[in-house]
Amino acid sequence: MKRKGDDVSHKQTKKWVIVISVWTFVMAIFFSLITEKLMKNLDVFFAFIILIIIMLLGIVFDIIGIAVAASGEKIFHSMAANKVEEAKYAIKLIKNAGQVSNFCNDVIGDISGIVSGSAGTIIIYNIISKYDIKDGTILSIMITALIASFTVGGKAVGKEIAINNSEKIIFKMAKVLNFLEKNFRIKLFKNQTK
């Protein structure tokens, strides 16, 4: 027998999927355009710096997504009982773990992967043009392999950090959410946790 709550949950999931798909599309275009415009005019060294920042961004968000999925609410409920302001945001993050980890791991993670691949292609093209390289196959393979190994290795280390320090990571994120709401009136979650 179908319950009323199941229908509401199913509708919320459908709405989330549509919203996050549209946001991903818009963000992917935005970040790809910014990266392309920025990196085309940069020296190869600075282009590599931008590439590393993009990959690090993906790794950091991956850590946040895993920390939220791996943590429990219990410690934050006791903090909330002791009037720790950030605890309510930590509880919201955990209560919305599916959406938070989807956004952090899939949206930001995948976009940074796509953008870092595009950035790598621009770097390869710039190196080939600058040094008049006739066959850039080896260079292309090497840079692509470096991007892949840095991303995968970074995320592997990040997963260990996230699992072992999930509560600390969530509390730091809660501080950021608290700061955004207090100073800029930005609310990421509608439902208020008591």
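This passage walks through the inside, the surface and the side-chain pairings of a predicted model.

Let's start with the interior. The largest nonpolar core is made up of 24 residues, and Val68, Phe76, Leu93, Val100 and Ile170 are the ones with the most contacts inside it. Several helices chip in: α2 (44–70), α3 (74–81), α4 (87–95), α5 (97–130) and α7 (166–184) each supply at least two residues of this core. There is also a second, separate core of 19 residues, with Ile20, Met39, Leu51 and Val115 among its members. As a bit of background, nonpolar side chains in soluble globular proteins tend to be buried together.

Ile170 is a good residue to zoom in on. Its place is in helix α7, and with a relative accessible area of just 1% it counts as buried, because the cut-off for buried is under 20%. Setting aside residues up to four places away in sequence, Ile170 touches Ala67, Val68, Ser71, Phe76, Ala90, Leu93 and Ile94. Ile170 and Val100 sit 70 residues apart in sequence, while their C-alpha atoms are 11 Å apart in space. Val100 has its own set of partners: beyond neighbours within four places in sequence, it is in contact with Val68, Leu93 and Phe189. Val68 and Leu93 thus turn up in the contact lists of both Ile170 and Val100.

Two polar residues are worth a look as well. Asn126 lies in helix α5 and is buried, its relative accessible area being 15%. Not counting residues up to four places away in sequence, Asn126 touches Met39, Lys40, Leu42 and Val44. One of these, Met39, belongs to the second core. Thr151, for its part, is found in helix α6 (residues 137–164). With residues up to four places away left out, Thr151 touches Met55 and Ile59. Thr151 is also 42 residues from Gly109 in sequence, with 9.8 Å between their C-alpha atoms.

Now for the outside. A nonpolar patch on the surface is formed by Ile18, Val22, Phe25, Val26, Ile29 and Leu33, and together they have about 590 Å² of accessible area. Phe25, one of this group, lies in helix α1 (residues 4–40). Phe25 has a relative accessible area of 58%, so it counts as exposed, for which the cut-off is over 50%.

Next come the aromatic rings. Searching the whole structure turns up three aromatic pairs. In one of them, Phe45 and Phe46 meet edge-to-face, with 5.4 Å from centre to centre and 75° between the planes. Phe45 counts as exposed at 51% relative accessibility, whereas Phe46, at 46%, counts as partly exposed. Another pair brings together Phe179 and Phe184: their ring centres are 5.8 Å apart and their planes are at 70°, so this pair is edge-to-face too. Phe179 is partly exposed, with a relative accessible area of 46%.

Charged pairs round off the picture. The whole structure holds six salt bridges. One of them joins Lys40 to Glu36, whose closest N and O atoms are 3.5 Å apart. This is a local affair: both residues lie in helix α1, four residues apart, which is about one turn of the helix. Lys40 is exposed, with a relative accessible area of 52%, while Glu36 is partly exposed at 38%. Lys40 has also come up already, as a residue touched by Asn126.

Other salt bridges reach further along the chain. Asp43 pairs with Lys130, the closest N and O atoms being 3.4 Å apart. Asp43 sits in the loop between α1 and α2 and Lys130 in helix α5, so this pair ties together parts that are 87 residues apart in sequence. At 37% relative accessibility, Asp43 is partly exposed. Then there is Lys95, which forms a salt bridge with Glu73, again with a closest N to O distance of 3.5 Å. Here too, distant parts of the chain are linked: Lys95 is in helix α4 and Glu73 in the loop between α2 and α3, 22 residues apart. Lys95 is partly exposed at 48% relative accessibility, and Glu73 is partly exposed at 23%.

Technical notes
Residues are numbered from 1 along each chain as its sequence is written. This is a predicted model: local features need pLDDT of at least 70, side-chain atom pairs count only at pLDDT 80 or more; totals for chains, interfaces and linings use all residues. Side-chain values use heavy atoms; hydrogens and water are left out. Patches are made of residues with over 30% relative accessible area and no salt bridge: like charges are joined within 9 Å, nonpolar side chains (Val, Leu, Ile, Met, Phe, Trp, Tyr) within 5 Å. Accessible areas come from the Shrake-Rupley method with a 1.4 Å probe; for residues, only the protein chains shown count as cover. A salt bridge is a side-chain nitrogen of Lys or Arg within 4 Å of a carboxyl oxygen of Asp or Glu. Buried means under 20% relative accessible area, exposed over 50%, partly exposed in between (1.4 Å probe, protein chains only). Contact means heavy atoms within 4.5 Å. A nonpolar core is a set of buried Ala, Val, Leu, Ile, Met, Phe, Trp, Tyr and Cys residues joined through side-chain atoms within 4.5 Å. Rings of Phe, Tyr and Trp (its six-membered ring) pair if their centres lie within 6.5 Å; planes under 30 degrees apart count as stacked, over 60 as edge-to-face and the rest as tilted.
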